[in-house]
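Reader: I've got a protein model open on my screen and I'm not sure how to read it. Could you walk me through it, one feature at a time?

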Amino acid sequence: MPVLLDLRGAKSSDVEIGTSPISELQACLHSLAEPDHHLEYRSWLVKTDESLSPDLRHRLTRFAPLWARRRCRLLLPLSGPLDASVDTEIERIALLSERDFVEAAAYAIQGGDFDPRQAISQQGEFIAACEARSFSRGELAGLLMADPGEFRATLVRTLADCVEEFFAGEWERIHDRLRDEADQTRLRLRGLPLAELVSSVSPAAQPVQGGRAVRFDKLQNLTVSLHGNGVFLVPTIHGRPHLIIRGEAGFPVVVHYPVAWQSQPASIDEMQQQLTILSDPARLALCRHLVNEAITTSDLARRMNMTRPQVSRHLAKLRVAGVLTSEKSGRYVYHRVDVDKLMRIGVELLRAIVR
């Protein structure tokens, strides 16, 4: 179920690449709400969560449906230019028309099949649809419908308090890295065809239909058209491993993509190959021996009651999976499981699943 970005009628000049602090703030809020998706930031998440004032923590819990599952379109760049300050981007939320604000918030809160354009005219049905998903979503939907102005004012104040309590310092720490990523992307993509330009920001994307579209490997079935619309390519650090593509009517299309990993995250197919290799009972038994000490092929054959060729074939598979190290000492070659790589498979699997 991919997200398809339809490029027909668009051109490379429609693409703007830059930073967006409100997008990065939303990524931080998502990771605070869903810490199990972001294991590499566990220490930062714990430290930040412990530093929050009780009042702000309460408001973040109340508003969490805006960013816990689907990212709220309000907290992505609403208009250009990019590289604006976080205060400017929060001000854009405050100045948005009430209808646009309510529809964008309603879409994020319900996060399902309910048409957000009908939220105002069908308030009871909208609130019921939100309650069907969770009590907290229903409660937040009720607050939005009861008083959109107060809802917006509280959200804007909450975002400003986030900036004051933790985000200003974090943005100062990571801004240069994000700006450099945007600059490098502009240089790398200068002159590329539009499909290659857009797809090059993520290993989960590829040009299709002869360059008339870009396919993103996402757990959605959605087509977004760029015709008559701009597209923002916005790098993120705290958003890793998630890749976000949003294309609501009335707003620029946004591709919020993770900055390059030290090594590219494995694809679903690569993860499936690794797990298939490791799930074999004989290889699991070999790993139990190899995790404790370095062992030769002959010794493994004796311990496992196998022939040396049988052991060699299994070791070759473990090497393909990336979890085996081999080192020659004198006449013998000693094999051992790379424990760090074995542990990282779990993290890589999570990245591949939630991307």
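Author: Sure, we'll go from the overall picture to single residues. Keep in mind that this is a predicted model.

Reader: Let's start wide. How many helices and strands does the protein have?

Author: There are 14 helices and 11 strands. The C-alpha atoms fill a box of roughly 75 × 50 × 40 Å along the principal axes. The accessible surface comes to about 17400 Å², and 50% of that belongs to carbon and sulfur atoms.

Reader: What share of the residues is buried?

Author: Of the 355 residues in the protein, 49% are buried, where buried means under 20% relative accessible area. You can also look at which parts of the chain touch. Among contacts with a separation of 6 or more, 68% are between residues 24 or more positions apart.

Reader: Now helices. How do I read which side of one is buried?

Author: Here's the general idea. An α-helix has 3.6 residues a turn, so residues three or four places apart point the same way. Now try helix H12, residues 297-304: its buried residues are Thr297, Leu300, Ala301 and Met304. They cover an arc of only 100° around the axis, which puts them on the same side of H12.

Reader: And what do the buried residues of H12 pack against?

Author: They pack against two helices, H11 (281-290) and H13 (308-320), and two strands, S9 (295-296) and S11 (332-337). While you're there, look just after H12: Asn305 takes a positive phi of about 55°.

Reader: Let me try another one. Which residues of helix H6 are buried?

Author: In H6, which spans residues 123-133, the buried ones are Phe126, Ile127, Ala129 and Cys130. Their arc around the axis is only 155°, which puts them on the same side of H6. Gly124 and Ala132 are exposed on the other side. As for partners, the buried residues of H6 pack against helix H5 (98-110) and helix H7 (135-146).

Reader: Can we zoom in on one residue in a helix? Is Arg59 buried or exposed?

Author: Buried means under 20% relative accessible area, and Arg59 is at 5%, so it counts as buried. You'll find Arg59 in helix H3, residues 54-63. To see what surrounds it, skip its neighbours within four places in sequence: Arg59 is then in contact with Thr154, Arg157, Thr158 and Asp161.

Reader: Next, loops. Where should I look for a positive phi?

Author: Check residues other than glycine. Asp83 is one case, with a positive phi of about 65°. Asp83 lies in the loop between H3 and H4, and is partly exposed, with a relative accessible area of 44%. Gln209 is another case: its phi is near 55°. This one belongs to the loop between strand S3 (205-208) and strand S4 (213-216). Gln209 is partly exposed too, at 39% relative accessible area.

Reader: What about Gly210: where does it lie?

Author: Gly210 is in the loop between S3 and S4. At 78% relative accessibility, it counts as exposed. You can also check a distance here: the C-alpha atoms of Gly210 and Ala195 are separated by 9.0 Å, and the two residues are 15 residues apart along the chain.

Reader: I've heard of cis peptide bonds. Which residues does one join here?

Author: The angle to read is omega. A cis peptide bond joins Gly80 and Pro81, with omega about -5°. Pro81 sits in the loop between H3 and helix H4 (86-95). The bond from Arg240 to Pro241 is cis as well, with omega near 5°. Pro241 is in the loop between strand S6 (231-236) and strand S7 (244-246).

Reader: Last one: how many cavities of 30 Å³ or more are there?

Author: A search of the whole structure finds 3. The largest cavity has a volume of about 70 Å³. To read a cavity, look at its lining. Here the lining includes His30, His38, Arg71, His238, His242 and His256. Helix H1 (residues 21-33) gives the most to this lining, with 4 residues.

Reader: And how does the lining of the largest cavity split by class?

Author: By class, it has 3 nonpolar, 8 polar and 1 charged residues.

Methods
Residues are numbered from 1 along each chain as its sequence is written. This is a predicted model: local features need pLDDT of at least 70, side-chain atom pairs count only at pLDDT 80 or more; totals for chains, interfaces and linings use all residues. Side-chain values use heavy atoms; hydrogens and water are left out. Buried means under 20% relative accessible area, exposed over 50%, partly exposed in between (1.4 Å probe, protein chains only). The arc is that of the directions from the helix axis to the C-beta atoms. Contact means heavy atoms within 4.5 Å. On a 1 Å grid over the protein atoms alone, a cavity is a set of points where a 1.4 Å probe fits but cannot get out, and a pocket is an open set with protein on both sides within 12 Å along at least five of seven lines; lining residues have an atom within 4 Å of a point. Grid points are joined across faces, edges and corners, and a volume is the space filled by probe spheres set on the points. Ala, Val, Leu, Ile, Met, Phe, Trp, Tyr, Cys and Pro count as nonpolar, Asp, Glu, Lys and Arg as charged, and the others, Gly among them, as polar. Accessible areas come from the Shrake-Rupley method with a 1.4 Å probe; for residues, only the protein chains shown count as cover.
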